[in-house]
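I opened the notebook today to look up the empty spaces in this protein, both those open to the outside and those closed off. The entries below are in the order in which I looked things up.

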Amino acid sequence: MRRMIPTTFSSKFQGAVSMNALRCYVSEFISTFFFVLAAVGSVMASRKLTAGDVTGPFSVLIPAIANAFALSSSVYISWNVSGGHVNPAVTFGMAVAGRISVPTAMFYWTSQMIASVMACLVLKVTVVEQHVPIYKIAGEMTGFGASVLEGVLSFVLVYTVFTANDPRRGLPLAVGPIFIGFVAGANVLAAGPFSGGAMNPACAFGSAMIYGSFKNQAVYWVGPLLGGATAALVYDNMVVVPAAEDDRGSSTGDATVV
């Protein structure tokens, strides 16, 4: 059954600063730190292995594989604590759908952003012969086109998160994070050469902060946030219907996937 959130602002804020909420923020920090370290670090590793060739297939293949593995693992380790968001777009979608309160979402964002900056800072300090890479738009792409592409990719990612997080499917704990990682890796393969395939505002922000350039940063916020919010609304209001409106609904009152 869907978890209910407090209805008043004071109760929402109290819930957002409780000890249980603090554990969620720490979990989000750890999982996001690990994911960004692997995602951004894989780009640096691919440049090292390919002698700086950013046009070859391995410049996309290596980050795609790293994104898939790292996101699956990051979501899994925080799945039962914070929900395994690891992405402000996912958190925004959860807030829009009413799964978490707005104050809690803001603290999630804070944890994710700090974790991303810290991960990129570690890469900057340890890998001294390279700059921390930032997400860039290809020359044949416009800012609007890149934002739309990132939004569509984020829609698919967040929709997969909602599907994997649905207890009515009866999936084992480890299966959901695996599928989330798969879709992230596929999205990087599809859009890496064009918009970077970020799908994650925190990851884009952390690398931009350490690199020192926020050019086209709005692309990696507007697109993913709108895509995540749309995925949440579509899943909760169009794909899943109340059991009372479906003859196949269970007597518990839970929603039924159609």
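These entries cover one pocket and then the cavities, all taken from a predicted model.

Entry on the pocket. I looked up the second largest pocket and noted that about 620 Å³ of space lies in it. I then turned to its lining, which is made up of 25 residues, and wrote down that Val43, Arg47, Ile134, Gly192 and Gly196 lie nearest the centre of the pocket. The elements that give two or more residues to this lining are helix H2 (19-49) and helix H3 (58-78), and H2 gives the most, with five residues. Sorting the lining of the second largest pocket by class, I recorded 15 nonpolar, seven polar and three charged residues.

Entry on the cavities. How many cavities of 30 Å³ or more does a search of the whole structure find? The search finds two, and I took them in turn.

The largest cavity has a volume of about 60 Å³, and its lining consists of Phe35, Asn67, Leu71, Val86, Asn87, Leu157, Ala184, Ala198, Met199 and Asn200. I noted that this lining holds seven nonpolar and three polar residues, with no charged residues.

For the second largest cavity I wrote down a volume of about 40 Å³, with Ile134, Tyr135, Ala204, Ala208, Ser213, Phe214, Lys215, Gln217 and Tyr220 as the residues that line it. By class, the lining of the second largest cavity comes to six nonpolar, two polar and one charged.

A last remark on Ile134: I found this residue among those nearest the centre of the second largest pocket, and Ile134 also lines the second largest cavity.

Notes. Residues numbered from 1 in each chain as written. Predicted model: local features only at pLDDT ≥ 70, side-chain atom pairs only at ≥ 80, totals over all residues. Heavy atoms only, no water. 1 Å grid on protein atoms, 1.4 Å probe; cavity = no way out; pocket = protein on both sides within 12 Å on 5 of 7 lines; lining within 4 Å. Points joined across faces, edges and corners; volume = space filled by probe spheres on them. Helix = DSSP H or I, 4+ residues; strand = E, 2+ residues; numbered from the N terminus. Nonpolar A, V, L, I, M, F, W, Y, C, P; charged D, E, K, R; others polar.
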